Amino acid sequence: PQDSLTEEAVSALHKDLKAEALECISHILPSKILRLKAIVEEKTSRFPKYFESEEDIFGAVIKEYEEFKNFVHAQVQDYIKTRTALHLLVPKIEDGNNFGVGVQHEILSALSNSVDVEIASLDSSSQFFINRAELVGKAAKYGALSSQAAAAYSLAIAENDRKKPRMLAICWLDLLNNCIFVHDLIMKNLDKLLAPRTSNVTNMY
């Protein structure tokens, strides 16, 4: 009886994962594409403000980085859930009629690549703070030696801050393009993704 209950619980989990994946494909990814498009347009429109004003750009960068980080974390979770559910749709290995299975593996690979790219974008963005901390440390150490050194480090820090909004905007654009690619690939191959072999259609539903 215990084994039966465990099997039922695992089967229910599989069913829930598949439902979440379909929800992500049908609604979450399309809505994120529209949101990312709006974000990219908004970030791009801010460039003149960052490069012409004397406002606290570093404070703005921190705020934008937090927004970017939170979005990427949520996006990666959606990709991983979808990837896990699609793995459950891959049928057992058999001879013949494997074209649909190959399509499944291509999509799974694309999802894995998307996860890797988005995690790498976070690592790249966080490097900005490490570089800035090093500049600030050197400014404190060597800036007192001469006014020229102080001015040089001050300029380097300011330019580092002003460059980051543009780099974040490029990262947002990469997220948008990646999301469009993944969703388009899935939608073009949805039939083969859900039923890679015609003999499995009955078992799927």
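Start by selecting Thr84, which sits in helix α3. Thr84 counts as partly exposed because its relative accessibility is 33%, which falls between the 20% limit for buried and the 50% limit for exposed. Now add Ala21 to the selection. The two residues are 63 apart in sequence, yet their C-alpha atoms lie 8.5 Å apart in space. Bear in mind throughout that this is a predicted model.

**Whole chain**

Zoom out and color by secondary structure. The chain has seven helices and zero strands, and along the sequence the pattern reads α-α-α-α-α-α-α. Of its 205 residues, 36% count as buried. Taking contacts between residues at least 6 apart in sequence, 84% join residues at least 24 apart.

**Helices α3 and α5**

Select α3, residues 57-89, together with α5, residues 147-188. Two packed helices are described by the angle between their axes and the distance between the axes. Here the axes come within 10 Å and cross at roughly 15 degrees. That angle makes α3 roughly parallel to α5, since angles under 35 degrees are counted that way. The crossing is left-handed.

Show the side chains where these two helices meet. On the α3 side, pick out Ile57, Phe58, Val61, Phe68, Phe71 and Val72, which are among the residues in the contact. On the α5 side, the contact residues include Pro165, Leu168, Trp172, Leu175 and Val182. Which classes do the residues of this contact divide into? There are 15 nonpolar, two polar and five charged. Glu64 and Glu67 of α3 are also part of the contact, as are Asp161, Arg162 and Lys164 of α5.

Keep Glu64 and Glu67 selected and add Lys43. These three residues are linked in a network of salt bridges.

**Salt bridges**

How many salt bridges are there? The count comes to seven. Three further pairs can be visited in turn.

Select Lys32 and Asp78. Their side chains meet in a salt bridge, 2.6 Å from N to O. This pair links distant parts of the chain: Lys32 belongs to helix α1 (residues 2-45) and Asp78 to helix α3, 46 residues apart. Are Lys32 and Asp78 buried or exposed? Both are buried.

Move along α1 to Lys37 and Glu41. Their closest N and O atoms are 2.7 Å apart, and the two form a salt bridge. Both residues lie in α1, four residues apart, about one turn of the helix. With a relative accessible area of 46%, Glu41 is partly exposed, and Lys37 is partly exposed at 44%.

Next, go to α5 and select Asp184 and Lys188. This salt bridge has its closest N and O atoms 3.0 Å apart. Again the partners share a helix, here α5, and are four residues apart, about one turn. Lys188 counts as exposed because its relative accessibility is 63%, over the 50% limit. Asp184 is partly exposed, with a relative accessible area of 36%.

**Elsewhere in α5**

Stay in α5 and select Asn160. Its relative accessible area is 12%, so Asn160 is buried, the limit for that class being under 20%. What does Asn160 contact, leaving aside its neighbours within four places in sequence? Display Phe128, Arg132 and Leu135 to see the residues in contact with Asn160.

Then select Ala149, also placed in α5. Ala149 has a relative accessible area of 19% and is therefore buried, since the cut-off is 20%. Not counting residues up to four places away in sequence, Ala149 touches Tyr142 and Gly143. For a distance check, add Lys138: Ala149 and Lys138 are 11 residues apart in sequence, and their C-alpha atoms are 9.6 Å apart.

**Helix α6**

Finish with Lys192, found in helix α6, which covers residues 190-194. Lys192 counts as partly exposed, with 34% relative accessibility. Add Gly102 as the last selection. Lys192 and Gly102 are 90 residues apart along the chain, and 9.3 Å separates their C-alpha atoms.

Notes: Residues are numbered from 1 along each chain as its sequence is written. This is a predicted model: local features need pLDDT of at least 70, side-chain atom pairs count only at pLDDT 80 or more; totals for chains, interfaces and linings use all residues. Side-chain values use heavy atoms; hydrogens and water are left out. Buried means under 20% relative accessible area, exposed over 50%, partly exposed in between (1.4 Å probe, protein chains only). A salt bridge is a side-chain nitrogen of Lys or Arg within 4 Å of a carboxyl oxygen of Asp or Glu. Contact means heavy atoms within 4.5 Å. Axes are lines fitted to C-alpha atoms, for helices over the stretch in contact, and angles run from 0 to 180 degrees between N-to-C directions. Angles under 35 degrees count as roughly parallel, over 145 as roughly antiparallel, 65 to 115 as roughly perpendicular and the rest as oblique. A crossing is left-handed if the near helix is turned anticlockwise from the far one by less than a right angle, and right-handed if clockwise. Ala, Val, Leu, Ile, Met, Phe, Trp, Tyr, Cys and Pro count as nonpolar, Asp, Glu, Lys and Arg as charged, and the others, Gly among them, as polar.
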